[in-house]
Amino acid sequence: MGPLLYSSHYGDFKMRGKRIDNFKRGIRVGIPIGLGYFAVSIALGIAARNAGFTPLQATVTSLLINASAGEYAGFSLVASGAGVLEVAIMELIANARYLLMSCSLSQKLSQSTPLKHRIGVGFYITDEIFGVSMAYPGELDPFFTYGAAAVASPCWGLGTLCGALLGSVLPLRVVSALSVGLYGMFLAIIIPPARRDRVIAGLVAVSFAASFAANSLPLLQHLSSGIKTIVLTVTISLAAAMLFPVKEAEEDE
Amino acid sequence: MNKYVYISAMALVTFLIRVLPLTLIRRKISNRTLRSFLYYVPYVTLAVMTFPAIMEATQVPWSGLISLICGIALAWSGAGLFPVSVACCAIVFVIELLLV
């Protein structure tokens, strides 16, 4: 019994060490995300203030919802005097892409991941945190996601607070420069696999072209950006899945 | 109406969207097409969100476009998340300093 007890404790100890390591790795990738979030959420804070939210209410919204498009759409609806049901439906549409991301992440977690960690990881699905979590090698350790969220989420709240308190006190130039930081991160996530895999490279090119076309075509122009993202993602990914089904080994990379 | 009613409604809808699939899909999906679909989703969705949005985020579209091209080149040559992100910001800042 003795040695067994000892070894199981030792296992716990190792597990905890690994979690702390992964949490720290998460914090490291969370820093650039946080910087970008701070910049982007300033604009949200300004929108919230215009919709009649106090700085505290704006910050609470950001900390609970963690979604730029969703919050922005919500604030503008509230500003226009919409009802609660309308706002709820808007959230469903603007954030529906997270449903897809959550499905993808379900395959990235170990099957034995407990409910609390599934809820925890789910709560922090944003475009960026999803991106870095999917780029994590092998099965995802929830503590990596928590590390990224521990930096990114406060930055998101803080930027919103600053925006709501100060309005546009930062020079436009700085906000403009910071706002592409998030796109830079997306590139760092999708380009290296595209270099290794010609199908992914082709998909990235097709996605760029289709997204550009959807923004220019008169019929599609009026769809909200959330809907456009979903329609394009589902169509292109499904076509790719049928044309280029993935072999088991590739997926585990 | 109280703003916290709106905030609660927004938070609840968003929470359910994010958490339901993760909590309901507990097994590895065995269907190959569905697996492939979910494998491709991140790349497609991040690409769709990046372009042309990056050109609309900046004061002038050109700075966004050049930042995109440089970001792709840097990521291609193996630069990590943070360097690519900072480089994209710096490029926009410098170009807009010259152009705007």
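Q: Before we start, what counts as two residues being in contact?
A: Their C-beta atoms, placed from the backbone, lie within 7 Å. Bear in mind that this is a predicted model.

Q: Fine. Which residues meet where α7(A) touches α2(B)?
A: From α7(A), they are Asp127(A), Phe130(A), Gly131(A) and Met134(A). Across from them in α2(B) sit Pro42(B), Leu46(B) and Met49(B).

Q: What's the chemistry of that contact?
A: Five of its residues are nonpolar, one is polar and one is charged.

Q: And the geometry? At what angle do the two helices pack?
A: About 145 degrees, with the axes 11 Å apart. Helix α7 covers residues 127-135 of chain A, and helix α2 covers residues 32-50 of chain B.

Q: Is that crossing left-handed or right-handed?
A: The α7(A) and α2(B) crossing is left-handed.

Q: Zoom out. How many residues of each chain are in contact across the A and B interface?
A: Chain A puts in 83 residues and chain B 63.

Q: Which helix of chain A gives the largest share of its side?
A: Helix α10, residues 181-196, with 13 residues.

Q: How does that side of chain A split by residue type?
A: There are 53 nonpolar residues, 23 polar and seven charged.

Q: Switching to the core. How many residues are in the largest nonpolar one?
A: It has 106. Ile190(A) and Val84(B) have the most contacts inside it.

Q: Where does that core lie relative to the domains of chain A?
A: Between them, because domain 1 (2-178) and domain 2 (197-253) both give residues to it.

Q: What does Val84(B) touch, beyond its neighbours within four places in sequence?
A: In chain A, Gly184(A), Met185(A), Leu187(A) and Ala188(A). In its own chain, Gly71(B), Leu74(B), Ala75(B) and Ala79(B).

Q: Back to the two domains of chain A. How many residues are in contact between them?
A: Seven from domain 1 and seven from domain 2.

Q: Which elements give two or more residues to the domain 1 side?
A: Helices α4 (84-94) and α5 (97-106) of chain A. The residues on that side are five nonpolar, one polar and one charged.

Q: Last bit, the fold. How many helices and strands are in chain A?
A: 13 helices and zero strands.

Q: What share of chain A is buried?
A: Buried residues are 47% of its 253.

Q: And how many of its contacts join residues at least 24 apart?
A: 78%, among contacts between residues at least 6 apart in sequence.

Key:
Residues are numbered from 1 along each chain as its sequence is written. Chains are lettered from A and ligands numbered from 1 in the order in which they are written. This is a predicted model: local features need pLDDT of at least 70, side-chain atom pairs count only at pLDDT 80 or more; totals for chains, interfaces and linings use all residues. Helices (H or I, at least four residues) and strands (E, at least two) are DSSP runs, numbered from the N terminus. Ala, Val, Leu, Ile, Met, Phe, Trp, Tyr, Cys and Pro count as nonpolar, Asp, Glu, Lys and Arg as charged, and the others, Gly among them, as polar. Axes are lines fitted to C-alpha atoms, for helices over the stretch in contact, and angles run from 0 to 180 degrees between N-to-C directions. A crossing is left-handed if the near helix is turned anticlockwise from the far one by less than a right angle, and right-handed if clockwise. A nonpolar core is a set of buried Ala, Val, Leu, Ile, Met, Phe, Trp, Tyr and Cys residues joined through C-beta atoms within 7 Å. A residue is buried if 20 or more other C-beta atoms lie within 10 Å of its own, exposed if 12 or fewer, and partly exposed in between; C-beta atoms are placed from the backbone. Domain bounds come from an automatic or database domain assignment.
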